[in-house]
Amino acid sequence: MEEPRVVVEREVAAPAERVWRALTDLEAMPRVLSGVEAVEVLTPGPFGVDTRWRETRRMFGSRATEEMRVSVCEAPRRYVAEAYNSGMRYASEFRVDERAPGRCVVRMAFSASPAPGGKPPGVFMRLLNRLGTRAVARAVAEDLADVAASVEAPRDGGLS
């Protein structure tokens, strides 16, 4: 069975380093991403492999809290965060590629697969996953729009 996967890209008028900071500043995440209500950082220190946090989001009319863990970090270009829930592994990969000075492309890929030792999803879940990919793509696009708005905004408090 093919794993559900959603990929969304967005061009951002900001340097890659600024975009990377917006994507990895966990304390600021509720201010940057409109879908995130709260973040509880579980590991001290700089963002990197094994950084863990609890993220509370409002999605599809419901509130959900997931514990996230960074499994791959290639600062300042790419990281992968994973969550496990109900026998499934969810992975979010963020890539930041500078295309020109002050301009970059941000790519987010979201996938779901049975967790090690978990059962493969049944027919109902496969159908739900197919129907849900469009909704997930919209949510991911909203997150990337929020990131763009936070880094493209005037840096002088909006007086320009």
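Tyr90 counts as partly exposed, because its relative accessibility is 26% and the buried class ends under 20%. This value, like those that follow, comes from a predicted model. Tyr90 is the bridge partner of Ala83, and the place of Tyr90 is in strand 6. The two strands concerned, strand 5 (residues 78-85) and strand 6 (residues 88-100), run antiparallel and are joined by 8 bridges.

The wider setting is the chain as a whole. The protein chain has 3 helices and 7 strands. Along the sequence these elements follow the pattern β-α-α-β-β-β-β-β-β-α. Of its 160 residues, 38% count as buried. The accessible surface comes to about 9,200 Å², and carbon and sulfur atoms account for 53% of that area. Among contacts between residues at least 6 apart in sequence, 49% join residues at least 24 apart.

The strands form an open sheet of 7 strands, with antiparallel pairing and the order 1-7-6-5-4-3-2. Strand 1 (5-12) and strand 2 (36-41) each have a single partner strand, so they stand at the edges and one side of each is left without a neighbour in the sheet. On average, neighbouring strands are turned by 25° against each other, direction ignored.

The sheet can be followed from the strand 2 edge. Strand 2 runs antiparallel to strand 3 (residues 52-59), and 5 bridges join them. Within this pairing, Glu40 has Arg54 of strand 3 as its bridge partner. On the next step, strand 3 and strand 4 run antiparallel and are joined by 8 bridges. Here Arg54 stands opposite Glu67 in strand 4. Arg54 is thus placed opposite Glu67 and is also the bridge partner of Glu40. Thr56 has its bridge partner in strand 4 as well, namely Thr65.

Strand 4 continues the sheet to strand 5 through 5 bridges, again with the two strands antiparallel. These two strands form a hairpin with 3 residues between them. Val72 is paired across this hairpin with Val80 in strand 5.

A helix is set against this sheet. Helix 1 (residues 16-24) lies across strand 1, strand 4 (62-74), strand 5, strand 6 and strand 7 (103-114), and runs at about 160° to strand 6.

Aromatic side chains give another view of how these elements meet. How many aromatic pairs does a search of the whole structure find? The search finds 6. One of them joins Trp20 and Tyr79 edge-to-face, with 5.9 Å centre to centre and 85° between the planes. Trp20 lies in helix 1 and Tyr79 in strand 5, so this pair ties together parts that are 59 residues apart in sequence. Both Trp20 and Tyr79 are buried. Tyr90, where this account began, forms a stacked pair with Phe110, at 6.0 Å centre to centre and 15° between the planes. That pair links Tyr90 in strand 6 with Phe110 in strand 7, 20 residues apart. Ring pairs also link Trp20, Phe47, Trp53, Tyr79 and Phe94 into a cluster.

Trp53 belongs to the largest nonpolar core as well, which has 33 residues; Val12, Val19, Leu23 and Trp53 touch the most other members. Helix 3 (residues 123-152) gives the most to this core, with 6 residues. With neighbours within four places in sequence left aside, Val12 is in contact with Val19, Gly102, Arg103, Cys104, Val106, Ala148, Val151 and Glu152.

Next to Val12 in the discussion comes Glu11, which has its place in strand 1. Is Glu11 buried or partly exposed? Glu11 counts as partly exposed, because its relative accessibility is 47%, and the exposed class starts over 50%. Beyond its neighbours within four places in sequence, Glu11 is in contact with Arg103, Cys104, Val105 and Glu152. Arg103, Cys104 and Glu152 appear on the contact list of Val12 too. Glu11 and Arg107 are 96 residues apart in sequence, while their C-alpha atoms are 8.8 Å apart in space.

Note on methods:
Residues numbered from 1 in each chain as written. Predicted model: local features only at pLDDT ≥ 70, side-chain atom pairs only at ≥ 80, totals over all residues. Heavy atoms only, no water. Core = buried A, V, L, I, M, F, W, Y, C linked by side-chain atoms within 4.5 Å. Buried < 20%, exposed > 50% of the residue type's maximum accessible area, 1.4 Å probe, protein only. Helix = DSSP H or I, 4+ residues; strand = E, 2+ residues; numbered from the N terminus. Contact = heavy atoms within 4.5 Å. Areas by Shrake-Rupley, 256 points an atom, 1.4 Å probe, with all protein chains shown as cover. Pairing = 2+ DSSP bridges. Axes fitted to C-alpha atoms, helices over the stretch in contact; angles between N-to-C directions. Phe/Tyr/Trp six-rings, centres within 6.5 Å; stacked < 30°, edge-to-face > 60°.
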